[in-house]
Amino acid sequence: MITLVFATNNAHKLEEVQAVVGDRFHILTLAEVGCNDDIPETGNTFEANAAQKSAYLQAHYEYDCFADDSGLEVDALGKEPGVFSARYSGSRDMEKNIDLLLQRLGENPDRHARFRTVISLRIGDREYFFEGSVEGDIGFERRGTGGFGYDPLFTPRGFSKTFAEMTAAEKNAISHRAIAVAGLADFLQRHY
Ligand code: IMP
C-alpha cells in the first residue's frame, strides 16, 4: 500500500481521487496528518500554487504528496479570474464573484473561457505535473443549480447545458479536474 497526502480537506475531491487511483493507494487528507496550517498559495499561476502547496506539505510532514489548483480563465478578461477564481470579488461569496464576472464581460460577444486544473505530485525528490482543461463559453446569465463555483455560467464546447445543469456524472466525464486526476492515476498505476 502506498500512502500519499492530498493537500485538501474537501471530502468530495478526496472521494473523486480515491475512486480513480484505486485501493493500492491510500490517500490521506490534511486533517488526517494533523495539518491545520493555512498553506501559502501566493503564486501567479496554477502550476506555481500547486507546487507551492505540495512543497510545503512535503517539507513539514515528510509524506509523499500532491496538491491541486484550479480556476476559470476568461479570454476577453485577460484570463481572469485565473488564480483569483475563489476570491475574485475580494470575498469567497460566489454570488458576488459571478456578478462581478458578468459585469466585467458586459455584452462582449467573445465569451470564450476554460477551466483548468494543475496537480503537483512529489515523490521523494521528484516532482511531476498533471493538467486538465475544458474549453467552453460564459453565458449572459446563470443557468442550473448543480455543481459549485462558476458552474452556472459555463457551457462546455460541444454541449448545450451548463456544468450546473449537468449531473455530477456528466460533468465528471469531461471536467478539467477529472482529466488531471486521470493523468495522476494513470501515472501512479504505471510507476508504483
Ligand atoms: P480550487 O483550486 O479547486 O479550490 O478552485 C478554485 C476556485 O476555482 C473555486 O473556488 C471555484 O470558484 C473555481 N472552480 C474550480 N473548479 C471549478 C468547477 O469545476 N466549477 C466551477 N468553479 C470551479
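**Salt bridges and a ligand pocket**

Biologist: Why is Arg 116 called buried?
Modeller: In this predicted model, Arg 116 has a relative accessible area of 13%. Buried means under 20%. The value falls under that cut-off, so Arg 116 is buried.

Biologist: What makes Arg 116 and Glu 47 a salt bridge?
Modeller: The closest N and O atoms of Arg 116 and Glu 47 are 2.8 Å apart. The cut-off is within 4 Å, between a side-chain nitrogen of Lys or Arg and a carboxyl oxygen of Asp or Glu. The pair meets it, so the name salt bridge applies.

Biologist: How many salt bridges does the structure hold?
Modeller: The count is 18. Side chains of opposite charge can pair when their charged atoms come close.

Biologist: What does the bridge between Arg 116 and Glu 47 tie together?
Modeller: Arg 116 belongs to strand E5 (residues 112-123), Glu 47 to helix H2 (residues 46-61). They are 69 residues apart in sequence, so the bridge joins parts separated along the chain.

Biologist: Why is Glu 47 called partly exposed?
Modeller: Glu 47 has 28% relative accessibility. Buried needs under 20%, and exposed needs over 50%. The value lies in between, so Glu 47 is partly exposed.

Biologist: How do you know that Glu 73 and Arg 114 form a salt bridge?
Modeller: Their N to O distance is 3.1 Å. The limit is within 4 Å, so this pair counts too.

Biologist: Where do Glu 73 and Arg 114 lie?
Modeller: Glu 73 is in strand E3 (residues 65-74), and Arg 114 is in strand E5. The two are 41 residues apart, and the pair links distant parts of the chain.

Biologist: Are Glu 73 and Arg 114 buried or exposed?
Modeller: Glu 73 has 7% relative accessibility. Arg 114 has 11%. Both values are under 20%, so both residues count as buried.

Biologist: Which residues belong to the network of salt bridges?
Modeller: Glu 47, Glu 73, Asp 75, Arg 114, Arg 116, Glu 131 and Glu 135 are linked in it.

Biologist: What makes Glu 165 and Arg 143 a salt bridge?
Modeller: Their closest N and O atoms are 3.0 Å apart. That is within 4 Å, so the pair qualifies.

Biologist: Why are Glu 165 and Arg 143 both called partly exposed?
Modeller: Glu 165 has a relative accessible area of 33%. Arg 143 also has 33%. Partly exposed lies between the 20% and 50% cut-offs, so the term fits both.

Biologist: Now the ligand. What makes the 2.6 Å between the ligand and Asp 151 a polar contact?
Modeller: The distance runs from a nitrogen atom of the ligand to an N or O atom in the Asp 151 side chain. The cut-off is within 3.5 Å, so this is a polar contact.

Biologist: Which backbone atoms lie 2.9 Å and 3.2 Å from ligand atoms?
Modeller: A backbone N or O atom of Ser 70 is 2.9 Å from a ligand oxygen. One of Tyr 150 is 3.2 Å from a ligand nitrogen. Both distances are within 3.5 Å, so both are polar contacts.

Biologist: How much of the ligand does the protein cover?
Modeller: The protein covers 86% of the 480 Å² of accessible area that the ligand has on its own.

Biologist: Where does the ligand sit, and how many residues surround it?
Modeller: The ligand sits in the largest pocket. It is surrounded by 15 residues, and among the closest are Lys 13 and His 176. E3 gives the most to this shell, with 3 residues.

Key
Residues are numbered from 1 along each chain as its sequence is written. This is a predicted model: local features need pLDDT of at least 70, side-chain atom pairs count only at pLDDT 80 or more; totals for chains, interfaces and linings use all residues. Side-chain values use heavy atoms; hydrogens and water are left out. Helices (H or I, at least four residues) and strands (E, at least two) are DSSP runs, numbered from the N terminus. Buried means under 20% relative accessible area, exposed over 50%, partly exposed in between (1.4 Å probe, protein chains only). A residue is near a molecule or strand if one of its heavy atoms lies within 4 Å of it. A polar contact is a pair of N or O atoms within 3.5 Å; within protein, one must be able to donate a hydrogen and the other to accept it, and residues adjacent in sequence count only if both atoms are side-chain atoms. Accessible areas come from the Shrake-Rupley method with a 1.4 Å probe; for residues, only the protein chains shown count as cover. On a 1 Å grid over the protein atoms alone, a cavity is a set of points where a 1.4 Å probe fits but cannot get out, and a pocket is an open set with protein on both sides within 12 Å along at least five of seven lines; lining residues have an atom within 4 Å of a point. A molecule sits in a cavity or pocket if more than half of its atoms lie within 2 Å of its grid points.
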